[in-house]
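Colleague: I should like a close look at a single loop position in this model, explained at a pace that suits a first-year student. Please then set that position beside other parts of the chain.

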Amino acid sequence: MPSPVKIPYESFIKIDRNSSTAIYMQIANQFSNAIQRNFIPEGTKLPGSRTMANLLGVNRNTVIAAFEEIATQGWIEMLANKGCFVLDKKSFTLKKLKGIDYKSLQQYPNKPGYSYLSSNLLDSPIESNHCDYIFNDGTTDTRIIQIDQLSSFYSANLKRKSSKKKLYNSQYDDNYSFRISMANYLNLSRGLHINKNNILITRNTEMSIYIACRVLLSTGDKVLVTDLSYYSRNMIFQEAGATVLTVPIDQQGIDVIAVEKMCKNNEIRMLYLTPHHHYPTTVTLSAQRRVQLLNLAHKYGFIILEDDYDYDFRYEKSSVLPLASVDTNGMVVYVGSFGKSLAPSFENGFIVAPESVLLEMQKYLRLLDPKGDIIMEQVLNELIEEGEIFRYLKKASKIYRERRDNFAELLDRFFGDNIKFQLPAGGLAIWIEWNIPINLMQLQKECLKNNLFLPKTILYQNKTMRGIRLGFGHLNKEEMEVNLDILYRSIQKLTS
């Protein structure tokens, strides 16, 4: 049996006193790791608690607690009046300790010992930054959220006995009431004609689209998107094995003549679009083209995956209803989010489709998110039933409309004829195109020098067009002026 003093325990038992993990657990975890990797061979008698406490510079009771934890885990046995031994009690000579690099115990392997799949398709285009000033593609401002009121809703639901019963019952799976409320809400706000069996609740729009693609797409299927489109959605389509084809877009939305031409030359499985506020250009699909698209879908048999991106943020009195509201042939799958005007963690996703399709999608949802968020769904259900969500939206829409108008005025003041844009009827961003020759990647670098971050995902440039999707929702008027001033000065430097 090797002598315990020959093993340099202090070299591989490292204590981090700033860690949130208790010291005795740090010791226990590192001991069990060492035993599993044979740094402490089977049969070794561990030093006494006093000796180990002195070696590690801790209290003896801490060592005793650590040994008891290791014994509970089954790595050692504690024998009265004899000491602690690594299981099982076999004889080992000191020769077995030679050549062991105890320092390696502190390192996690750099490479796996197994093969795995990697995907360039899913490489994130999101960049990190440390700038004080940021433009994004259009997000809400958490500073205007009534977080105290939302917290009270959540806290009240969490404390209810009925909620605790649902949390403790692992077999409980019922968002029945929330689906009824969501169906009523969508019928009222989107002009749909659905019931609880036509809606599936997910965590977010990305999950909704991923699940839809798992059910609706097969390898080799062709998906149509606009030539300026949403990068993250395209990643999901390609990950599903589909081939992504593009068609033009103009001020009335997607070019339906190009869509039909593509259908004549290809077997199109799906068309993805954001008709209410097209991403990234913010244009609204015209009523005439909506009818034409539905007719084409029925004629050629392709699915329309309709994303209601930013539908809640509408600033004009007349609103255009989703394609799903007038779909009589069952060709539209409608996805979107609910609660975007609330705190980010309160946002949920949904899928609207015929019941038979949702039953298949439900199978994937159970794998990805078997329980969902019971408490959050109850909170959102109350916000709908008590009408709070409409008050939140009314307040938020008023603020964001003012910000849109302020932002448009500032764009005119700073850039004048150097840009062109149309005031969007809704959403949280404005699409601008430059009338001057400028390299947008150089512009990004110049802005970085001046503490302004322009993500690559909002920059669009080809041989004939230079466009940027500038989000205004997260900025007040003073912040808008600072951001645009930096952008203006950066452009001046590049074009002078």
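Modeller: Contact means that heavy atoms lie within 4.5 Å. The model is predicted, and every value below is computed from it.

The position I have chosen is Ala343, which belongs to the loop between strand 11 (332–338) and strand 12 (348–352). Ala343 has a relative accessible area of 7%; a residue counts as buried when this value is under 20%, so Ala343 is buried. If neighbours within four places in sequence are set aside, Ala343 is in contact with Ile145, Ile147 and Leu150. Cys84 offers another reference point: Ala343 and Cys84 are 259 residues apart in sequence, and their C-alpha atoms are 53 Å apart in space.

A second loop residue may be read in the same manner. Thr282 sits in the loop between strand 9 (268–273) and helix 11 (287–300). Thr282 counts as buried because its relative accessibility is 8%. Leaving out residues up to four places away in sequence, Thr282 touches His277, Pro424, Ala429, Trp431 and Arg469. Thr282 and Ala425 are separated by 143 residues in sequence, yet the distance from C-alpha to C-alpha is 8.3 Å.

Burial can also be followed along a helix. In helix 3 (residues 49–56), the residues Ser49, Met52, Ala53 and Leu56 are buried. These four lie on the same side of helix 3, because they cover an arc of only 105° around the axis. The exposed residues Arg50 and Asn54 are carried on the face turned away from that buried side. The buried residues of helix 3 pack against helix 1 (9–12), helix 2 (23–36) and helix 4 (60–73). After helix 3 comes Gly57, with a positive phi near 70°.

Let us turn finally to the nonpolar cores. In soluble globular proteins, nonpolar side chains tend to be buried together. Here the largest nonpolar core has 51 residues, and those with the most contacts inside it are Met182, Leu186, Val259, Leu293, Phe302, Ile304 and Leu383. Helix 13 (residues 374–385) gives the most to this core, contributing 6 residues. A second, separate core has 36 residues, including Phe313, Trp434, Leu440 and Leu452. As for Val259, residues up to four places away in sequence again being left out, it touches Leu224, Val247, Ile254, Leu293, Leu296 and Phe302.

Technical notes. Residues numbered from 1 in each chain as written. Predicted model: local features only at pLDDT ≥ 70, side-chain atom pairs only at ≥ 80, totals over all residues. Heavy atoms only, no water. Core = buried A, V, L, I, M, F, W, Y, C linked by side-chain atoms within 4.5 Å. Buried < 20%, exposed > 50% of the residue type's maximum accessible area, 1.4 Å probe, protein only. Helix = DSSP H or I, 4+ residues; strand = E, 2+ residues; numbered from the N terminus. Arc of directions from axis to C-beta.
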